[in-house]
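Please open the model in a viewer and keep the selection panel at hand. The stops below proceed from one chain outward to its neighbours.

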Amino acid sequence: MALNIILLVIIAIIMVLLDLPGLLKIEKKNKIKVLISYFLLLLTGFTLGLLLILEREPVSPTVIIERMLNLILGIGL
Amino acid sequence: MMLDLGKNSLKNISLRSASLIILVFFSLTGCWDNKDVTEINLITAVGVDKTTDGRVEVTFEIPRPSLTRTGQAGAGGGENSREKAVSLVSSKGDTAFIAVRSMVEKLAKDIFPSKMELLLIGEDLARAGLQEVFDLMERDPESNMTAKVLLVKGAPVKQVMEAESEQEKIPSLHLVKSITVNQDTFGSSKEARVIDILREVALPGKDPLIPVVEILEEKENLKVKNILVSGSAAFRGDKLVGYLTATETRGWLLAENKIKASVYSLPSPNDETKNISFEMYCENGQKKVEFIEGKPKLVIKIKATGDIGESQEPTDLTQPQMLKKLENKIKQIITEEVNSALNSAQKYHSDIFGFGDIIHRKNPQEWQKIKDNWPEIFSKAPTEITVEVKLKRSGYTRKGVEPL
Amino acid sequence: MMTNVKISGYQLALLIMGFLFGSTAVLNPTAMAGQDAWLAYILAWVGGFMLIWLYVRIALINPSLTLVEILKVTFGKYLGTVIALLYIWYFLHLAALVLRDFGEHMNVTVFYRTPMTFIISCFALLIAYCLRKGLEVTGRAAEILMPYLFIFVIIIFFLLIPEYDTNNLFPFLEKGLTPVIQVAFGVLTFPFGETVTFLMIFPALYSPGQLKKVSFAAFGVMGFIILGIIVRDLLSLGPDLLTRLVFPPSLSTELTPELQLEPLISVNFLLGGWVKITVCLYAALVGIAQLLGLNDYKHLVLPLVLLAVGLAMWLYEDLFKMMDWTANVYPYYAFPLQFGIPLLILLVAKIRKLA
């Protein structure tokens, strides 16, 4: 488990290192927007990976979709 | 981009190619599921049997690569050294899967069953039901669905597997080849693959027929020539219910249109002490079910053509009247064979001809009415067998040589 | 906007074909219809033509606009954005689903002990590279690789001829038409309806005049090839085995005489899955970029691929749950996105024209 977490962290760091030169080159206008969305996405992915490794993941969206469809369509799925 | 390292200098290009080459190495390793050929035991045959205490016994035939090599070994050491080219290992377990896996306790290397060519099934296990064996074969991605199946009659599976072959270094290959050749040129036994049986077991109106192997003569050093692949075993669903003799099996093959050629002999019309033999080719075997007042009638139609293969007396056999006589006699023989196969099937309540399947596919409404009682209905249904025989050739001669 | 991306008609056709082939050919969604699988498929295929006609109409009414922009134009800024987010989630979900399918397939058939995360990550790495290089590169790679897919399918089809038993097609409609239509509905949503993703890609076509011809031709050709695969599986395995198997093609291919061609099924899955995931993630990326008003989506590739891998592992606990969900829930979840909203877009456009 510890190894998996270390691997995940390394992958995230490599990603940032690969992207950083490109991210810094963006023109001023969009820079903040890109940086925020970039790190937001990265953080989501990273948290999801971390939770999966720790086996503490929240309810899967497929289950939520299933429940919602049950509610709306009332079909015994 | 990812590999954009700046200026396209020579140094950078070589660095790029070096990193690419290293990447290629990674893709060649196959890390977790790596299995080297030198580190696996290839399996050529598997035997499954039931022990007296109700557990499953699995036997593997594992060829020993150094001894199965052809070529240089032939003249010198191969024949003289009494070493067997295959080793047999068996193991017991509550289920076949456990037995297979616990085999590693006795082996130096992991097992690899993808190349298995033959599956031998014990009689006791067959009577209890084969569901488990076929489920395992279907589930396991490493199994070979085109392996041939043989049922061992009246002996432990292991005893048959111990038989040595004088023609093939691996005995199971001898058996496998013999089954195929037999169905094509003689017809005393049929060929059944795992996939064929899997398809038939679950069909509501069709039961499997599996070829049978038995020990001909008990001997100290059993050879494959001392065991005989002949006849077949009729199943109901996945359970063994009875045996068909060699001629009955041939009758079944004729009706199923699966036989390529077979030989028959009959006494000569001129001289009862002399025999004439024929090689018959099945041209067309058809099965039909006719409904008469809601009751099914089983109809088999066979068209066969043949050559005169041998004559023990020098009459000209190609005269029209003579041919007619011979054709009628062969017709009787074939009708009798098919009839006895059908009678046996009806006796065992085992629809090996797949008549139920024909009703199911052609007449689904009717099938819904009778499917629950099909084994009983099948066993009591009237039958009709029509055989047409035509002798077409007589080999190189029209008339045998007349010794003076 | 993304006007700098241009692909040729042939490349678009290959992308559509690879997308349709994707995981369809390996999972065989028609299997549940038993001996009527071919009929269910043909019904769905006809429905698929109607769907692609709908998508092409939308693309022709709004030339050089992607789905996200069309939504904004049709439903206004706020509602449009919400629906666009829904679509972006759907594309991401689809990519994760195919990734997971691929991982499960590899785990079941070839790599039993390799952790699935590793298999999926390797595949995702390849896709991330393609996405960073852009759609043109993916299109050109498809030109090189896709012919192999066709060759493999054709080889396996003809090698299996000795195993075919036409009896497996009967009895025709044993349980009536209802189960067939249910299966056909499932097949309509997977894979045909999923081509709604291409509404994000149509603007990239070099000559928009070809759009209709190209997409219909791709549907025709690939539809025919998948029909061949379905008939092959049905004829060689029979309805009973077909309905019981997880990956029917892997077993039917095992029956090729004297040859072991099962790996080709995995290779085909790799090729089709690669196109499908790349297209889905490309659509999601372009969608995100357009919502944020960015010029270039390429900066977001790596984090999104990481998210897709995480999703692939997160969405389903196990193979059984996944199979159950894709068969019973997925059609109802996907159909509004594949048919409902596109139809609405078209209607709104018509009404506006009249007004």
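How much area do domain 1 of chain B and domain 2 of chain B bury between them, and what percentage of it lies on carbon and sulfur atoms? The two domains bury about 2100 Å², with 56% of this area on carbon and sulfur atoms. The model is a predicted one, and the tour begins at this internal boundary.

**Stop 1: the two domains of chain B**

Select residues 38-65 together with 83-244 of chain B for domain 1, and residues 246-404 for domain 2. Their centres, taken over C-alpha atoms, lie 30 Å apart. Contact involves 25 residues of domain 1 of chain B and 28 residues of domain 2 of chain B.

Next, display the side chains of Glu256(B) and Lys206(B), which meet in a salt bridge with an N to O distance of 3.9 Å. The boundary between these domains has 2 salt bridges, and 13 residue pairs are in polar contact across it, both residues being at pLDDT 80 or more. On the domain 1 side, colour α8 (171-185), β9 (227-236) and β10 (239-244) of chain B, the elements that give two or more residues to the surface touching domain 2. Strand β9(B) provides the largest share, 6 residues. By class, this side of domain 1 has 10 nonpolar, 10 polar and 5 charged residues.

**Stop 2: confidence along chain B**

Now colour chain B by pLDDT. The chain averages 81, and 91% of its residues score at least 70. Helix α3 (residues 74-80) of chain B has the lowest confidence, at a mean of 44, whereas strand β6 (residues 118-122) of chain B has the highest, at 90. Two stretches deserve separate selections. Residues 1-6 of chain B have pLDDT below 50 and make 12 contacts beyond near neighbours in sequence. Residues 72-80 of chain B are also below 50, with 3 such contacts. Where pLDDT is low, predicted coordinates should not be read in detail.

**Stop 3: chain B against chain C**

Show chain C alongside chain B. Here 25 residues of chain B are in contact with 29 residues of chain C, and the area buried is about 2500 Å², of which carbon and sulfur atoms give 55%. Zoom to Arg199(B) and Glu163(C), which form a salt bridge whose closest N and O atoms are 3.0 Å apart. The count of salt bridges between chain B and chain C is 3. On chain B, select α9 (194-201), α12 (355-362) and α13 (364-370), each of which gives two or more residues to the side touching chain C. Of these, α9(B) gives the most, with 3 residues. The residues on this side of chain B divide into 10 nonpolar, 6 polar and 9 charged.

**Stop 4: chain C against chain A**

Finally, hide chain B and show chain A. Contact joins 26 residues of chain C to 31 residues of chain A. These chains bury about 2600 Å² between them, 77% of it on carbon and sulfur atoms. Select His299(C), Leu306(C) and Trp314(C): they supply 28% of the area that chain C buries against chain A, more than any other three residues.

There are 2 salt bridges across this interface, including that of Glu66(A) with Lys321(C), whose closest N and O atoms are 3.5 Å apart. On chain C, α5 (77-109), α12 (301-315), α13 (319-328) and α14 (330-354) each supply at least two residues of the side touching chain A. Helix α12(C) provides the largest share, 10 residues. By class, this side of chain C has 18 nonpolar, 6 polar and 2 charged residues.

How values were computed: Residues are numbered from 1 along each chain as its sequence is written. Chains are lettered from A and ligands numbered from 1 in the order in which they are written. Side-chain values use heavy atoms; hydrogens and water are left out. Contact means heavy atoms within 4.5 Å. Buried area is the accessible area (1.4 Å probe) that two parts lose on being put together, summed over both. A salt bridge is a side-chain nitrogen of Lys or Arg within 4 Å of a carboxyl oxygen of Asp or Glu. Helices (H or I, at least four residues) and strands (E, at least two) are DSSP runs, numbered from the N terminus. Ala, Val, Leu, Ile, Met, Phe, Trp, Tyr, Cys and Pro count as nonpolar, Asp, Glu, Lys and Arg as charged, and the others, Gly among them, as polar. pLDDT is the predictor's confidence in each residue, from 0 to 100. Domain bounds come from an automatic or database domain assignment. A polar contact is a pair of N or O atoms within 3.5 Å; within protein, one must be able to donate a hydrogen and the other to accept it, and residues adjacent in sequence count only if both atoms are side-chain atoms.
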